[in-house]
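Work through the exercises below with the sequence and the structure open beside you, and try each task before reading its solution.

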Amino acid sequence: MSAPDDSARVEEIAAAIQAGEVVAIPTDTVYGLAALPDDEAALRALAELKGRPEGQPFAVLFDNFEAIRASVEEPDALDALDPFWPGPLTAVVRAARSSPHAFVEPAVTPEGTIGLRMPDDAIALAVIRACGGALAVTSANLSGEPPAESAAEAAAMFGDALPILDGGPRRRPPSTVIDLTARPPAVLREGPIDPAALLAALEG
């Protein structure tokens, strides 16, 4: 674990991710388990660690808007979401067939959809950037249990063998999730962003 401003520890965590390991990092909501979105073995290990049903997708977090737009089949559909990013909003969209990132299941679904967002957290963004600009991330908890809100809680759940980046407490509800592939768009999970404001922005 580390102090929140420990850039050397960020580099260590990023190196572990790039070596195919699963790690825990702080986000702008709660702590998350992270792995490379193009590493099938790492994503399997992530699902097994969490105890998540096989095939259930993971969100992909990006460090910049350009990378998000380049990964989406219809980037203009994201324009209405600009006021909410960076922030606790996950948008389910159709992945671009030619993306700078070679996403694999379950970072991308068999149907070709992907849940993506840009977190409003300097530490998370630093790790994502150090790993090439995108990470598959899911809340740091055993499936069905509350998510870890601190490095200590993550360690208690998963043991000291899991590399953990300590960014201090993170106590915010998991992100709001909206499905832009549905007509009309549908809120799949309520979170910090008001669904009514979100849907109003999309309608406008």
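A residue is called buried when its relative accessible area is under 20%, and exposed when that area is over 50%. The model used in these exercises is predicted.

**Exercise 1.** Find the aromatic pair in the structure, decide how its rings are arranged, and state which parts of the chain the pair ties together.

*Solution.* A search of the whole structure finds one aromatic pair. Its members are Phe62 and Phe103, whose ring centres lie 6.1 Å apart and whose planes stand at 85 degrees. Planes over 60 degrees apart count as edge-to-face, so the pair of Phe62 and Phe103 is edge-to-face. The next step is to place the two residues: Phe62 lies in strand E3 (residues 59–62), whereas Phe103 lies in the loop between strand E4 (89–94) and strand E5 (113–117), so the pair ties together parts that are 41 residues apart in sequence. Finally, by the cut-off given above, both Phe62 and Phe103 are buried.

**Exercise 2.** Determine whether Arg97 is buried or exposed, and say where Arg97 is placed.

*Solution.* Begin with the position, which is in the loop between E4 and E5. The relative accessible area of Arg97 is 84%, and because exposed means over 50%, Arg97 is exposed. One distance can be added: the C-alpha atoms of Arg97 and Ser71 are separated by 8.1 Å, although these residues are 26 residues apart along the chain.

**Exercise 3.** Describe how strand E2 (residues 31–35) pairs with E1 and with E6, and name residues that stand opposite each other.

*Solution.* Take E1 (residues 23–26) as the starting point. E1 and E2 pair in the antiparallel sense over four bridges, and the two strands form a hairpin with four residues between them. Within this pairing, Val23 has Ala34 as its bridge partner, while Ile25 stands opposite Gly32. Turning to strand E6 (residues 134–139), four bridges join E2 to E6, and these strands also run antiparallel; here Gly32 stands opposite Ser139.

**Exercise 4.** Sort the residues of E1 and E2 by the side to which they point, and say whether they are buried or exposed.

*Solution.* In a regular strand the side chains alternate between the two faces of the sheet. In E1, Val23 and Ile25 lie on one side and Ala24 and Pro26 on the other, and all of them are buried, so that both faces are covered. In E2, Tyr31, Leu33 and Ala35 point one way and Gly32 and Ala34 the other way, again with all of them buried. Counting along E2 therefore gives five buried residues of its five.

Note on methods:
Residues are numbered from 1 along each chain as its sequence is written. This is a predicted model: local features need pLDDT of at least 70, side-chain atom pairs count only at pLDDT 80 or more; totals for chains, interfaces and linings use all residues. Side-chain values use heavy atoms; hydrogens and water are left out. Buried means under 20% relative accessible area, exposed over 50%, partly exposed in between (1.4 Å probe, protein chains only). Two strands pair if DSSP finds at least two bridges between them. Rings of Phe, Tyr and Trp (its six-membered ring) pair if their centres lie within 6.5 Å; planes under 30 degrees apart count as stacked, over 60 as edge-to-face and the rest as tilted.
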